[in-house]
Amino acid sequence: MDNGRCESWQAEQEQRYEHEGYRLPHTLGGLLREWTDRFGDAPALIDGALRLSYADMDRKVDRLAAGFVRLGLRAGDRVLVQLPNSAAFAICTFALFRLGAWPIMAMPAHREKDIAALCSLAEPAAYVIPRRFLGFDYLSMAKTIQKGQPSLKHILVDGEAGSSGLPLEQIEESPRDLLGPNPSDTALLLLSGGTTGAPKLIPRTHSDYAYNAIASAQLCGLSSESVYLAALPVGHNFPLACPGILGTLSVGGRVVMAKTPSSEESFALIGQEGVTMTALVPPLVSLWLEARKWDHSDLSSLRLLQVGGSRLAPELARQITPALGCRLQQVFGMAEGLLCYTRLDDPQEVILNTQGRPLCPADEVRLVDAHGLSVASGETGELQVRGPYTIRGYYRAPEHNKRTFTVDGFYQSGDLVRQTADGNYVVEGRVKEQINRAGEKIAAAEIERPLAEHPGIESCVVVPVPDERLGERTCAVIISRDRTPTLQDLQYHLAGQGMPRYKQPDQVLEVPAWPLTTVGKVDKQRLIALARTAFGEAAPASI
Ligand code: OOB
């Protein structure tokens, strides 16, 4: 921030957060040590046959952190982490925390284009991958990416590395004393859903992320008896710290890693490990409920299912407790910070129909109209937020930051939200042009640009269409040249450019001309309406 006014409110706020106890004096690496002192031999991580106690984990983290130092990694270096749900993910992440290097939380589903863009933005010194996962060869992708990224010195592999990578296990060595970071330093970079197609990285500090996880654990009533199933990809904020892995470890509970969120794998783990809590996005809730019709696995240990990431239809919400025998908690969160939760003791109607209210009493939420003015109570407006764990800017994005944060430091979320009379929030839609497909946020522009290069396309706009199972699916609306390309043509074209399947359009709709707004812009709302009429909610896409 560059003017005196901003600096003064920032300093004032910092004081307030400090005074009210929201600035925890901890680093995440330091916290693991404290938790180990308290819970030592209790089980912390379960990954298939591998079971690690807090003490085992702490020891491994120390050894790996020492290995990272030997490789030349230093505090403030970025390390791209693209590991599936595993003990290796947790150990690697905490080793980086302890050292003060910043993990960039990539998802296993990211492919060459996404990873290369992250590398160009953040210039990581190392890239941590599995050798293979779900049939995909990460090592050969990493090697290709490394050729174009001079900063990327090390490819570290969880498992067999062949000749071109270094196995994570091999770099572990005797622990050494580390200076370590400060609580107010950046701890990690989360990925944002993004609005423009270019990736955005979200710097979260040790202190703010510790608060995020610990306060969430308290709100969710976690204890040393809690067993958390990490079913969603663990690099995402939701399973990582809301309260997720970090929150569970903060109270001496145990974390069970699922390789995929399939009902088959998760139901089996719930029964075997006595899982008490997990988190899902709404499309997975549909799949689990479907499976529950014939799968009578013992889920009796499950007490709480958190659902968030995209809109949960009340009809779906209503089926959860009867089918799975657990309570529901709705979570409306964002990697940028703000977390809203329904509370465990809220009335049923609140839990089924709202996305709850902020985690922290110091979270300041305002709902504004297109001119930035507060809307009347009960009206829908764009949610803006400022608070102790909400960021003040993205990493290396000065121009975007000017557009996305107000001068008084509020993050403009792009979410259209209303507040109910009892103070809970309901998400009604988005200002941002983004498709939320099964919880994955895809910027329309990210698809539009490569799609427009197809020889059969004159111009194109990508819009979301409501989908019963995915929340939203992607429809490419096109004006074609001579011959209309088929959906398969377009998917083939995009796959050829390295775009993963989940980002490719699910449907194509041809129009003769663009509908225009009064100022002559393409009217996306009209296109969304057209696509809805053409396809409705009936034709589900495959994930
Ligand atoms: C979570 O985080 P992100 O960063 O992947 O996505 C944030 C966006 C929000 O701005 C909103 O548009 C949407 O996802 N969203 C929801 C929602 N929760 C998130 N839309 C409707 N209903 C909900 N319950 O998605 C995230 C982070 C932490 C916890 C849970 C979700």
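Helices here (H or I, at least four residues) and strands (E, at least two) are DSSP runs, numbered from the N terminus. This is a predicted model, where local features need pLDDT of at least 70, side-chain atom pairs count only at pLDDT 80 or more, and totals for chains, interfaces and linings use all residues. Residues are numbered from 1 along each chain as its sequence is written.

**View 1. The whole chain, with its 18 helices and 27 strands.** The C-alpha atoms fill a box of roughly 70 × 65 × 60 Å, taken along the principal axes. Buried residues (20 or more other C-beta atoms within 10 Å of their own, with C-beta atoms placed from the backbone) make up 48% of the 543 residues.

**View 2. Helix α4, residues 87-99.** How far apart are the end C-alpha atoms of helix α4? They sit 18 Å apart, which agrees with the 18 Å that its 13 residues should span at 1.5 Å a residue; the expected span is 1.5 Å times one less than the number of residues. Since 13 of the 13 residues of α4 are buried, the rest of the structure largely encloses this helix. Just after α4 comes G100, with a positive phi near 95°.

**View 3. Helix α12, residues 282-292, and what covers it.** Look for P282, P283, L284, V285, S286 and W288: they are buried. Covering the buried residues of α12 are, among others, helices α11 (263-273) and α13 (314-324). Strands join in too, including β14 (277-280), β15 (304-308) and β26 (471-480).

Methods
Buried ≥ 20, exposed ≤ 12 C-beta atoms within 10 Å, placed from the backbone. Contact = placed C-beta atoms within 7 Å.
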